[in-house]
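Subject: The structure you asked about

Hello,

Here is the structure for you to look through, with my notes below it. I hope they make a useful companion while you have the model open.

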Amino acid sequence: MKVLVTGGAGFIGSNLCEALLSQGHRVTCFDNFATGKPENIFPLLNRYPEHFQLIVGDIRNPEDCRKAVEGAEYVLHEAALGSVPRSIKDPATTNEVNIGGFVHMLIAARDAGVRRFVYAASSSTYGDSVKLPKVEEEIGRPLSPYAVTKYVNELYADVFAKTYGMECIGLRYFNVFGRRQDPFGAYAAVIPLFVRKLMRHESPTINGDGEYSRDFTYIDNVIQMNMLALQVSDPEAVNTVYNTACGDRTTLNQLVEYLKELLSEFDPAIRQIRILHGPNRLGDIPHSLASIDKARRLLGYAPRYNMYEGLKEAVKWYWENL
């Protein structure tokens, strides 16, 4: 396959590029390095010089999008500005990238005759819905600008599928973690942030009482879902959205205990580090648990890693690479 990965230098995007290349596909990475990192993909450029190319550009620029999609048969659209807090601080830029950029990529893919457009959706779309587990057809009202943008992506994909005959599949990611996830910066995700603090013998701060829960999803499960979405041939499985998760949930208190346990195998002193608590974070969903029945039925999805197994792999990677 000839696959364009937007945001290909980012955490999820670079892992997708690597997986595709290892299977012999031709891959183009399209990134502006706003949040992606050159070190995530430069080794791949050296390892796969004939099958991998980099296009530096911005999805907010229609011409960049047209250039990037030339010759592509499939698009994995990962490019976005993540983070609920960032979207609350700067809703305008989040909107420009996540909605404006998304539409530019849909138009470019349509005009280039791309066979299928698979995009990163988000569990934030469930908003204030209290029902557990989360089922794809039942959502609530968004709780942040970021959540609004990801829901609008789903609406646009549905309209482009119906209006222009495109094949679109959205994958609602649930708290993805794993190798290459950035532990630095103001908007670092909770797992790499806590790992870095514990490795430095600093006390992590949990927002709230720690009983909020998440369906933490290891990166290799996300790769598996993307591959299934690219290759599925059943018409019923196309032009819809899927939860991309494990179907299990872990509280933040449990998460920290797991991290301390796994990291203490490398440094026993980590076991004694005190955990702090702060106020709840604006825009956070209290509980997140996915039903993965639809993905099992239509895509044949069976998560290869549960949360703890994935955490063990991630901790080992961070210990060796931070």
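Which residues does Val5 touch, not counting residues up to four places away in sequence? Before I get to that, please keep in mind that this is a predicted model.

Val5 sits in strand S1, which covers residues 2–6. Leaving out residues up to four places away in sequence, Val5 touches Gly13, Cys17, Leu20, Val27, Thr28, Cys29, Phe30, Leu76 and Glu78. Its relative accessibility is 0%, and since buried means under 20%, Val5 counts as buried. For a sense of scale, take Val159: Val5 and Val159 are separated by 154 residues in sequence and by 22 Å in space, C-alpha to C-alpha.

Next, the helix pairs.

I would start with helix H5 (residues 91–112) and helix H6 (residues 145–164), whose axes come within 10 Å and cross at roughly 15°. Angles under 35 degrees count as roughly parallel, and H5 and H6 are therefore roughly parallel to each other. Their crossing is right-handed. On the H5 side, the contact is made by Pro91, Thr94, Asn95, Asn98, Ile99, Phe102, Val103, Leu106, Ile107 and Arg110. H6 contributes Pro145, Tyr146, Thr149, Lys150, Val152, Asn153, Tyr156, Ala157, Phe160 and Tyr164. Sorted by character, the residues of this contact comprise 13 nonpolar, five polar and two charged.

One of the H5 residues in that contact is Thr94, and you may like to click on it. Thr94 is buried, at a relative accessible area of 1%. Not counting residues up to four places away in sequence, Thr94 touches Leu81, Arg86, Ser87, Ile99, Tyr146 and Thr149. Of these, Tyr146 and Thr149 belong to the H6 side of the contact between H5 and H6.

The other pair to look at is helix H7 (residues 190–199) with H9, where the axes come within 11 Å and cross at roughly 45°. That angle makes H7 oblique to H9. Here too the crossing is right-handed. The contact brings Val190, Ile191, Phe194, Val195, Leu198 and Met199 of H7 together with Leu255, Val256, Leu259, Lys260 and Leu263 of H9. Its residues divide into ten nonpolar, no polar and one charged.

Then there are the aromatic rings.

The count of aromatic pairs comes to eleven. Among them is the pair of Phe102 and Phe117, which is edge-to-face, with 5.8 Å from centre to centre and 85° between the planes. Phe102 lies in helix H5 and Phe117 in strand S5 (residues 116–122), so this pair ties together parts that are 15 residues apart in sequence. Phe102 is buried, with a relative accessible area of 0%. Phe117 also counts as buried, at 0% relative accessibility.

How are the rings of Phe102 and Tyr119 arranged? Their centres are 5.3 Å apart and their planes stand at 75°, so this pair is edge-to-face. It links distant parts of the chain, with Phe102 in helix H5 and Tyr119 in strand S5, 17 residues apart. Tyr119 counts as buried, at 2% relative accessibility. Taken together, Phe102, Phe117 and Tyr119 form one aromatic cluster. Phe102 is also one of the H5 residues that make the contact with H6, so it is worth displaying the cluster and that helix pair in a single view.

Finally, two loop residues.

Ser129 lies in the loop between S5 and H6. Is Ser129 buried or exposed? It is buried, with a relative accessible area of 17%. Not counting residues up to four places away in sequence, Ser129 touches Lys134, Ile139 and Gly140.

Ala269 has its place in the loop between helix H9 (252–263) and strand S13 (276–278). At 38% relative accessibility, Ala269 counts as partly exposed. The C-alpha atoms of Ala269 and His201 are separated by 8.0 Å, while the two residues are 68 residues apart along the chain.

Enjoy looking around, and do write back with any questions.

Best wishes

Definitions and conventions
Residues numbered from 1 in each chain as written. Predicted model: local features only at pLDDT ≥ 70, side-chain atom pairs only at ≥ 80, totals over all residues. Heavy atoms only, no water. Axes fitted to C-alpha atoms, helices over the stretch in contact; angles between N-to-C directions. Helix = DSSP H or I, 4+ residues; strand = E, 2+ residues; numbered from the N terminus. Parallel < 35°, antiparallel > 145°, perpendicular 65-115°, else oblique. Left-handed = near helix turned anticlockwise from the far one by under 90°. Contact = heavy atoms within 4.5 Å. Nonpolar A, V, L, I, M, F, W, Y, C, P; charged D, E, K, R; others polar. Phe/Tyr/Trp six-rings, centres within 6.5 Å; stacked < 30°, edge-to-face > 60°. Buried < 20%, exposed > 50% of the residue type's maximum accessible area, 1.4 Å probe, protein only.
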